[in-house]
Amino acid sequence: MSVEIKGGINIAMKVPSHQYDAVIAFYRDVVGLQPFDEKEPAKGFILGPNRLWIDEMPHFSQAEVWLELFTENHERALDHLTANGTVRCDAVEDLGEGFRGGWIMNPANIVHLVREPDAW
């Protein structure tokens, strides 16, 4: 049985505390992206059809970019990905009880959230 997986709208940039304010100012003041803050303390910016989330990560030494994938059935999609050698990494960030999704890493160790569109 095939599983449909497609790109989501969210891109998360996990930024160390010592770079956080400068990154926010860059996207707000230099690039001029429209900010939003519907999920504080995360700061967000409209990035064309996507949303760029800037999360402060006090224990990180360098920034990381995390991507999102959508599927109608997260369990089947995650099973499919795992069966094809994809690494699960659910410990990277707690999604809360009952969340319909999970974390994976691609072969280059880029974190992806695989979730149902209405997972929250």
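Buried means under 20% relative accessible area, exposed over 50% and partly exposed in between (1.4 Å probe, protein chains only). This is a predicted model, in which local features need pLDDT of at least 70, side-chain atom pairs count only at pLDDT 80 or more, and totals for chains, interfaces and linings use all residues. Residues are numbered from 1 along each chain as its sequence is written, and side-chain values use heavy atoms, with hydrogens and water left out.

**View 1. Val111 and its surroundings in strand β8.**
Val111 belongs to strand β8 (strands are DSSP runs of E with at least two residues, helices runs of H or I with at least four, both numbered from the N terminus). With a relative accessibility of 2%, Val111 counts as buried. Once its neighbours within four places in sequence are set aside, the contacts of Val111 (heavy atoms within 4.5 Å) are Val65, Trp66, Leu67, Cys89, Val92, Trp103, Ile104 and Met105. For a sense of scale, the C-alpha atom of Val111 is 20 Å from that of Gln19, a residue 92 places away along the chain.

**View 2. The open sheet of 8 strands.**
The strands follow the order β2-β3-β4-β1-β5-β8-β7-β6 in an open sheet with mixed pairing (two strands pair if DSSP finds at least two bridges between them). The edges are occupied by β2 (35-36) and β6 (87-88), and each of these has a single partner strand, so one side of each is left without a neighbour in the sheet. Elsewhere in the sheet, β1 (6-16) and β4 (50-57) run parallel to each other and are joined by 7 bridges. One residue to follow here is Asn10, whose bridge partner in β4 is Arg51.

**View 3. Two helices on the sheet.**
Helix α1, made of residues 17-30, lies across β1, β3 (43-47) and β4, and its direction is at about 130° to that of β1 (axes are lines fitted to C-alpha atoms, for helices over the stretch in contact, with angles from 0 to 180 degrees between N-to-C directions). Helix α2, made of residues 74-83, also packs on the sheet, where it touches β6, β7 (101-105) and β8, and its direction makes about 20° with that of β7.

**View 4. Strand β7 between its two partners.**
Of the 5 residues of β7, 4 are buried, so this strand is largely enclosed by the rest of the structure. Towards one partner, β6 and β7 run antiparallel and are joined by 2 bridges, with Val87 standing opposite Met105 in β7. Towards the other partner, β7 and β8 (111-115) pair in the antiparallel sense over 5 bridges, and here Gly101 stands opposite Arg115 in β8.

**View 5. The hairpin turn at Asn109.**
Strands β7 and β8 form a hairpin, and 5 residues lie between them. Asn109 is placed in this loop between β7 and β8, and its phi is near 65°, a positive value in a residue other than glycine. The relative accessible area of Asn109 is 54%, and the residue is therefore exposed, whereas Val111 in β8 is buried.

**View 6. The cis peptide bond before Pro41.**
Glu40 and Pro41 are joined by a cis peptide bond, for which omega is about 15°. Pro41 itself is located in the loop between β2 and β3, and β2 is one of the edge strands of the sheet shown in View 2.
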